[in-house]
Structure formats: C-alpha cells, structure tokens
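Please open the model in a viewer and keep the sequence panel beside it. The stops below say what to select and what is there.

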Amino acid sequence: MPVVGAPVTVRGLAPAVLAGVLILVQIAYPLTSGDGRDRVTVVVVLLSAGTALAHATATRGIRYAAGFLVIVSGLGLAAEIVGTATGLPFGCYEYAVDRLGPTLGGVPLVVPLAWTGGLYPIWVVAGLLARGSVARVGLLAVGAVGWDLFLDPQMVADGQWTWCDQSSGLPGIAEIPYTNYLGWFAVALLMGGLLTVWERAAPVPADPSAGLNAVSRFAVPVAVFLWTWLGSVLAHAVFLGLPFSAGYGGIGLAALGLPLLRHLGFFCPRPDPMD
C-alpha cells in the first residue's frame, strides 16, 4: 500500500513532467503547418509513448512497461503492416511518403508508438472503472475507437494517410470508412486480452508506488485521458475546423469519460443545506 506523503523520486516524477510537456506540445500543434507540423506530430507521439512507459515503470516496474510496449506496439505495427498490404482489418489505406520518419513495410515507425501512447491511459481508466477483466477489455476497445474518432480525421485532414474508399464513413467524415473502426475495435480487443494475461503474469515490484503517493498513483494517465477527451473536442471544434470529429470523438470517449468523472466525485450530489 503506497504511503501518503512518500518521498517523490525521479522515476515517480518523470511521468508528470513528460505529461506536462506533452500537453504543451499538443497545444502548439494547431499553430504549425507543413514540415513543422510533421515534426510536432512526431514529438507528440514520442512524448505520449514516453509518458505511458514512464508511468508504467513507476507503478509496475520496467518489465511490465516493456511487456506493455511489446504487446501494444508490436501488435499495432503488425496490424498496420498487414493493413496497408491487404486492407485487413481496417480497410484499404496508405501512408504519405517521407512525412513521419523511417518506415517498415510502408508504416512509419512512430505509428506503433502512437498505439502505446494512446491506449495506455485508456487501459488505466478502464481498469479503474471495470469490475472484471472482460469488462476492462471491452472498455479498452470502446475507448480505442473513441480515440480514433479524433485521431483519424485529424491525420487524414493533415494528409498523413489516405483511404481508398472515401465515401462510406460517418456523415461529415465520409473519407474514413466504417471498416476502420471495426478494425480498431477488433485489434484493441486482442490487445486487451493479451494485456490481461500480462497483468497477471508480470512481477509486481516490492514498492509499486515507486515514489507516487496513493492520491497521485493514477493521476497522470487519468489527466492525459481527460485532456485527450476534452482537449480534443475543443481543438477539433475551434482550432482545427473539424466539428464532426469533435462530436463523434467526444461522444465516443464519453463512454469512459463520464463514468470516470463520476468515479472521481464530480457528480456527487450536494448535501441538503437543511440536513
């Protein structure tokens, strides 16, 4: 049991520092364009993955963090390589050339890191909300689709990838086919199943808090999740000119976000002043 007031170590402080820098860089994204925006995109991915892995290391140890990376980024890379080559499981699409750095099989190597950075806070939040492993995996898959309802429209609008079928998606974002979201749901289910096994098999360090007190142990991924949800709604609606993805993504992540706010006490009834 973490001790409230325990001394903060460098390992314990690193996730919060990285998360703060991540938010600042994401705020800068709408202010950039061209090559500068490409560089900001790469930095955002590296910071999001770094934040996730730093927090996983601080709370569960480096072996757990390494396993999370292998499962999520490994499966993410495999799914993307197969997807660009065959159209399964997401649909037919291709990445822009020479935009996001080195590639493997036509997939920029930062892309699998984006899977880790994006899904880690969703996995943590799902663990806070779910009462069992099956429910947690289901929430991860729902949250992954919700996140992609922000991610795909933003990256397609920026020209980072294009879809062969550009007319069978949701109203307002028809250029992203329905098959994409089905593919995300299926891949996230597989990731969640493997993460469940890894959660049980990975060793737990003697002091899992590693410098994080009871209050702050999950604060970083929860804050990143809330920022991704609410900050993306604002950014898409106001700064990026993507009102439809603001609505779809906002509703998608609300499936976890609203229960999370209730879990955190935001929806607690106020006491009757007459009591």
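**Whole chain**

This is a predicted model. Start with the protein chain in cartoon view: its secondary structure comes to 8 helices and 6 strands. Read from the N terminus, the elements run α-α-α-β-β-β-α-α-β-β-β-α-α-α. Of the 275 residues, 48% count as buried. Among contacts with a separation of 6 or more, 74% are between residues 24 or more positions apart.

**Stop 1: the loop between H1 and H2**

Select leucine 31, in the loop between helix H1 (10–28) and helix H2 (34–60). Is leucine 31 buried or exposed? Its relative accessibility is 74%, so leucine 31 counts as exposed. Now add leucine 240 to the selection: the two residues are 209 apart along the chain, yet their C-alpha atoms are separated by 9.7 Å.

**Stop 2: H3 against H6**

Go on to helix H3 (62–86) and helix H6 (residues 178–201). The axes of H3 and H6 cross at roughly 160° and come within 10 Å. The two helices are therefore roughly antiparallel to each other, and their crossing is right-handed. To see the contact, show side chains for Arg63, Tyr64, Gly67, Phe68, Ile71, Val72, Leu75, Gly76 and Ala79 on H3, and for Val187, Leu190, Met191, Leu194, Leu195, Trp198 and Glu199 on H6. Sorted by class, the contact of H3 with H6 has 12 nonpolar, 2 polar and 2 charged residues.

**Stop 3: H4 against H6**

Keep H6 and add helix H4 (residues 110–129), which packs on H6 at an angle of about 65° with the axes 12 Å apart. How is H4 oriented with respect to H6? That angle makes H4 roughly perpendicular to H6. H4 passes H6 in a right-handed crossing. On the H4 side, select Trp115, Leu119 and Trp123; they meet Trp184, Val187, Met191, Gly192, Leu195, Thr196 and Glu199 in H6. The residues of this contact divide into 7 nonpolar, 2 polar and 1 charged. Several H6 residues can stay selected from the previous stop: Val187, Met191, Leu195 and Glu199 belong to the contact with H3 and to the contact with H4.

**Stop 4: the loop between H3 and E1**

Most residues other than glycine have a negative phi, and most peptide bonds are trans. Select leucine 88 and proline 89: the peptide bond from leucine 88 to proline 89 is cis, with omega near 5°. Proline 89 is in the loop between H3 and E1.

Which two residues form the disulfide? Cysteine 92 and cysteine 164 do, with their sulfur atoms 2.0 Å apart. The pair links distant parts of the chain, 72 residues apart. Cysteine 92 is in the loop between H3 and strand E1 (93–95), and cysteine 164 is in the loop between strand E4 (161–163) and strand E5 (169–170). A search of the whole structure finds 1 disulfide. Switch to a surface view to compare the two ends: cysteine 92, at 41% relative accessibility, counts as partly exposed, whereas cysteine 164 is exposed, with a relative accessible area of 54%.

**Stop 5: the loop between E1 and E2**

Move along to aspartate 98, in the loop between E1 and strand E2 (103–104). Phi of aspartate 98 is near 60°, a positive value in a residue other than glycine. With a relative accessible area of 72%, aspartate 98 is exposed.

**Stop 6: H7 against H8**

Finish with helix H7 (residues 219–239) and helix H8 (residues 243–263), whose axes come within 9 Å and cross at roughly 155°. H7 and H8 are therefore roughly antiparallel to each other. H7 passes H8 in a left-handed crossing. For the contact, select Val222, Phe225, Leu226, Thr228, Trp229, Val233, His236 and Ala237 in H7. Their partners in H8 are Pro243, Ser245, Ala246, Gly249, Gly250, Leu253, Ala254, Leu256, Gly257, Leu258, Leu260 and Leu261. Colour the contact of H7 with H8 by class: its residues divide into 14 nonpolar, 6 polar and no charged.

Technical notes:
Residues are numbered from 1 along each chain as its sequence is written. This is a predicted model: local features need pLDDT of at least 70, side-chain atom pairs count only at pLDDT 80 or more; totals for chains, interfaces and linings use all residues. Side-chain values use heavy atoms; hydrogens and water are left out. Axes are lines fitted to C-alpha atoms, for helices over the stretch in contact, and angles run from 0 to 180 degrees between N-to-C directions. Helices (H or I, at least four residues) and strands (E, at least two) are DSSP runs, numbered from the N terminus. Angles under 35 degrees count as roughly parallel, over 145 as roughly antiparallel, 65 to 115 as roughly perpendicular and the rest as oblique. A crossing is left-handed if the near helix is turned anticlockwise from the far one by less than a right angle, and right-handed if clockwise. Contact means heavy atoms within 4.5 Å. Ala, Val, Leu, Ile, Met, Phe, Trp, Tyr, Cys and Pro count as nonpolar, Asp, Glu, Lys and Arg as charged, and the others, Gly among them, as polar. A disulfide is a pair of cysteine sulfur atoms within 2.5 Å. Buried means under 20% relative accessible area, exposed over 50%, partly exposed in between (1.4 Å probe, protein chains only).
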